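Colleague: I have a model open and would like to talk it through with you. Could you start with the terms you use for accessibility?

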Amino acid sequence: MALLQRLLLLFLLILAHPFLRCWIASGSVNEEGQKEEEFSEELLLKPLPDRKVLALFHFQSSAPPSTSNGRHHHLFPKAISQLVQKFRVKEMELSFTQGRWNYESWGGFDPIPSSNAKPPGVELWAVFDVPQHQIDASWKNLTHTLSGLFCASINFLESSTTYSAPKWSFPPASGNLRYGTLPREAVCTENLTPWLKLLPCRDKAGIAMLLDRPSIYKGFYHSQRLHLTSTGSGSKVTDLGIILEQTLTVVLQPTSRRGSIAHSSEKHMQPSWSLSSIFGKQVSGGCVLAKSSNVYLLFDRGLVTELKHLHKENEKSAENGLTSENFWTNPSFELSANPDNIFIEEKSLHSKSSSVLYKFQVEKYSESEPFDLGLIWKIPVVWLCQQAPLHASRFLMGNGNERGAIAISLKSTLLGEGFMGANSNDERCELRVNVFQVVPWYIKVYFHSLQVFVDQQPKTVADIIEKIHVSPSKDKVSPGVMEVVLKLPCRVNSAALTIEFDKGFLHIDEYPPDANQGFDIPSAIISFPNFHANMVFLKDDSLNKSPLLSNFQGNSPVMSYTEVLLVPLTTPDFSMPYNVITITCTVFALYFGSLLNVLRRRVAEEERFLKDKAAKKTGRLPLLLSKLSAKLRGRQWEPHSPPASSSFVNSKLVFKVVLVAVLAVCWRYYFS
């Protein structure tokens, strides 16, 4: 009977599973008319011109204000909710990055690099909803909490020498903003595992199943990002709504599949790939708790333009133009799965072409029929990604361990005319560039030495710099901060900024373990306030439900990060204290060892011990004869020890002296 009841209960659970899933992930309105928590997962795949593939994992969890749930959550991670409530965080972003984004090959003008391309190491910025005098204390507590939560050295940012307070050059400009970076922080699975634990299904189900550790960390670029925004400003805990956005950006090199056709030996043939070949896994359905699970394949504007150009001779294609139907049947490539929807981007002001987006719904797949998207190229395709108006790079000048200079170079990407339109020929047309740079306190920057060059010609600072804010560094207190707004002509080919500095001296306790490697200067941030990267697709109800595509439609500022500079400072010889300590300890050990040996030796006891030992070695018959002889002579019998021991000791001493003398003579003869 009990077995029958269990079977009946199991049967009812199987029947109620679809309804239970819809009820959990509905994200609709509860009985009291309040919005429920939601979770969505998405994956964007994008082929890159240099035979690589970009994979952007996007997870979003939202916890709206609720008076019924209180401090309890169904889908939203409780650790993040407590962090926001404890330190009154209004907005925060944390990123762990390994590698550097290649702006020349992977693009710099679309929303993906503007939001997900981060500097190497750890970057953290936060906006607090607290009074001005409590910001620094909240920042320090926040760094310690994040350090324990993500198993990283974020607590090093608590020192006032490692963080700054940007005024207006950093995009989330606010008086309650704090910004800090750790360029040398290593990124490993210890940081990824806590990041995955914030997901409702972790990496056990849904799109997160593709996050195979070896596949991710062997890529050319890897950046995991966490961005949260709290809505509402009430004093109560339940008045705050939180939106948590987790993204993982990976650039991988796919191995060419054997199914490539005809042109596999050509130089520009793109490698064919699939999810199983890149990540080693397939997707067996979406996460049960997710409201939506979608996979997107994006062809950017440059690729679409090149594909249209290759098939320009096709009359049908030329007559009908670019539509969802004829682009799906494009003979240049082949998809292993049929897309559920195809979206075409609306033409923007800064580009004449449009992107194409393929949408695949993961919910309809299962373990018996897993989802494995594959892209097979049939002909060679060469294209370029859209870049920012100016390509930024930074380097050091000078030599020696005393002085030097920092140079920021801006080179035109030959796209400025297309960006600015017809106004680019006007002499009054201006291109504004924001530069934000933080320099450690031991780099003594002379801000009065700032020089500006436009098209390799020196210019006066007042003519080029529209606005500047400088915060000089203080020794062991705060770093140096420079915020500059450049006003350049639209037809500029190149521009450069140089600033001189002196190298300071550190106390021996302030040097890191790898001091001879050098000291890092964090990446500078270059932003273009007149340009915004967005991708607006044709209006559709399904697009409004996608958090990833909603972010693409927003006007995110175009920005890029420069290289991390490595500055060698005057470093003491750390081996000299070790040598002094070792030789001093050796001398003291020899001296005090010999002294204690002499002081504790007792000569009389040693002689008595030797006599007793000799007497024991002597036979009983000789001992009786010696006693009898002494009695007949009328003398007292005294046991005499043989002089062999003393002679043996003297012979050892003589041998040592002779050996040392011979070695000294040989040593002197050899070096003479």
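Modeller: Before anything else, a residue here is called buried when its relative accessible area is under 20%, exposed when that area is over 50%, and partly exposed in between. Please also keep in mind that this is a predicted model.

Colleague: Fine. With those cut-offs, where does Cys188 fall, and why?

Modeller: Cys188 has a relative accessible area of 31%, which lies between the two cut-offs, so Cys188 counts as partly exposed.

Colleague: How many disulfides are there?

Modeller: The structure holds two disulfides. One of them joins Cys201 to Cys287, with an S to S distance of 1.8 Å. This pair links distant parts of the chain, 86 residues apart, with Cys201 in the loop between α6 (189–196) and α7 (213–217) and Cys287 in the loop between α8 (275–279) and β10 (292–299).

Colleague: Are those two cysteines buried or exposed, and what is the hand of the link?

Modeller: Both Cys201 and Cys287 are buried, and the link between Cys201 and Cys287 is right-handed, with 65° about the S-S bond.

Colleague: And which cysteines make the other one?

Modeller: Cys429 is joined to Cys490, with an S to S distance of 1.8 Å. The torsion about the S-S bond of Cys429 and Cys490 is about -75°, so this disulfide is left-handed. Cys429 lies in the loop between α12 (416–420) and β17 (430–439), while Cys490 lies in the loop between β21 (480–489) and β22 (494–503), so the pair ties together parts that are 61 residues apart in sequence.

Colleague: Why do you count Cys429 and Cys490 as buried?

Modeller: Cys429 has a relative accessible area of 8% and Cys490 has 10%, so each falls under the 20% cut-off.

Colleague: What pattern do the disulfides follow along the chain, and where does that leave Cys188?

Modeller: With bonded cysteines counted along the chain, the pattern is 1-2, 3-4. Cys188 is in no disulfide, and the nearest cysteine sulfur, that of Cys151, is 8.6 Å away.

Colleague: Changing topic, how many cavities of 30 Å³ or more does the structure hold?

Modeller: The structure holds six cavities of 30 Å³ or more, and the second largest cavity has a volume of about 100 Å³.

Colleague: Which residues line the second largest cavity?

Modeller: The lining includes Lys46, Phe109, Asp110, Asp300, Arg301, Cys385 and Met535. By class, the lining of the second largest cavity has five nonpolar, three polar and four charged residues. Of the lining residues just named, Cys385 is buried, with a relative accessible area of 6%.

Colleague: Now the sheets. What is the strand order in the open sheet of eleven strands?

Modeller: The order is β5-β6-β4-β3-β7-β8-β2-β1-β10-β13-β12, with mixed pairing. At the edges stand β5 (163–164) and β12 (341–344), each with a single partner strand, so one side of each is left without a neighbour in the sheet.

Colleague: How do β2 and β8 pair?

Modeller: Strand β2 (residues 53–63) and strand β8 (residues 241–252) pair in the antiparallel sense over eleven bridges, and Ala63 stands opposite Ile242 in β8.

Colleague: What about Ser223, is that buried or exposed?

Modeller: Ser223 is found in strand β7 (residues 221–231) and is buried, with a relative accessible area of 1%. The side chains of Ser223 and Thr97 are joined by a polar contact of 3.1 Å.

Colleague: And which way do the residues of β14 point?

Modeller: In a regular strand the side chains alternate between the two faces of the sheet. In strand β14 (residues 374–377), Gly374 and Ile376 point one way and Leu375 and Trp377 the other way, and all are buried.

Colleague: Which strands does β14 pair with?

Modeller: Strand β9 (residues 273–274) pairs with β14 in the antiparallel sense over two bridges, and Ser274 stands opposite Gly374. Strand β11 (residues 333–335) also pairs with β14 in the antiparallel sense, over three bridges, and there Leu335 stands opposite Leu375.

Colleague: One last thing, where does Trp101 lie?

Modeller: Trp101 lies in the loop between β3 (89–98) and α3 (103–106), and Trp101 is buried, with a relative accessible area of 2%. The C-alpha atoms of Trp101 and Glu563 are separated by 9.9 Å, although these residues are 462 residues apart along the chain.

Technical notes
Residues are numbered from 1 along each chain as its sequence is written. This is a predicted model: local features need pLDDT of at least 70, side-chain atom pairs count only at pLDDT 80 or more; totals for chains, interfaces and linings use all residues. Side-chain values use heavy atoms; hydrogens and water are left out. On a 1 Å grid over the protein atoms alone, a cavity is a set of points where a 1.4 Å probe fits but cannot get out, and a pocket is an open set with protein on both sides within 12 Å along at least five of seven lines; lining residues have an atom within 4 Å of a point. Grid points are joined across faces, edges and corners, and a volume is the space filled by probe spheres set on the points. Ala, Val, Leu, Ile, Met, Phe, Trp, Tyr, Cys and Pro count as nonpolar, Asp, Glu, Lys and Arg as charged, and the others, Gly among them, as polar. A disulfide is a pair of cysteine sulfur atoms within 2.5 Å. Helices (H or I, at least four residues) and strands (E, at least two) are DSSP runs, numbered from the N terminus. Buried means under 20% relative accessible area, exposed over 50%, partly exposed in between (1.4 Å probe, protein chains only). Two strands pair if DSSP finds at least two bridges between them. A polar contact is a pair of N or O atoms within 3.5 Å; within protein, one must be able to donate a hydrogen and the other to accept it, and residues adjacent in sequence count only if both atoms are side-chain atoms.
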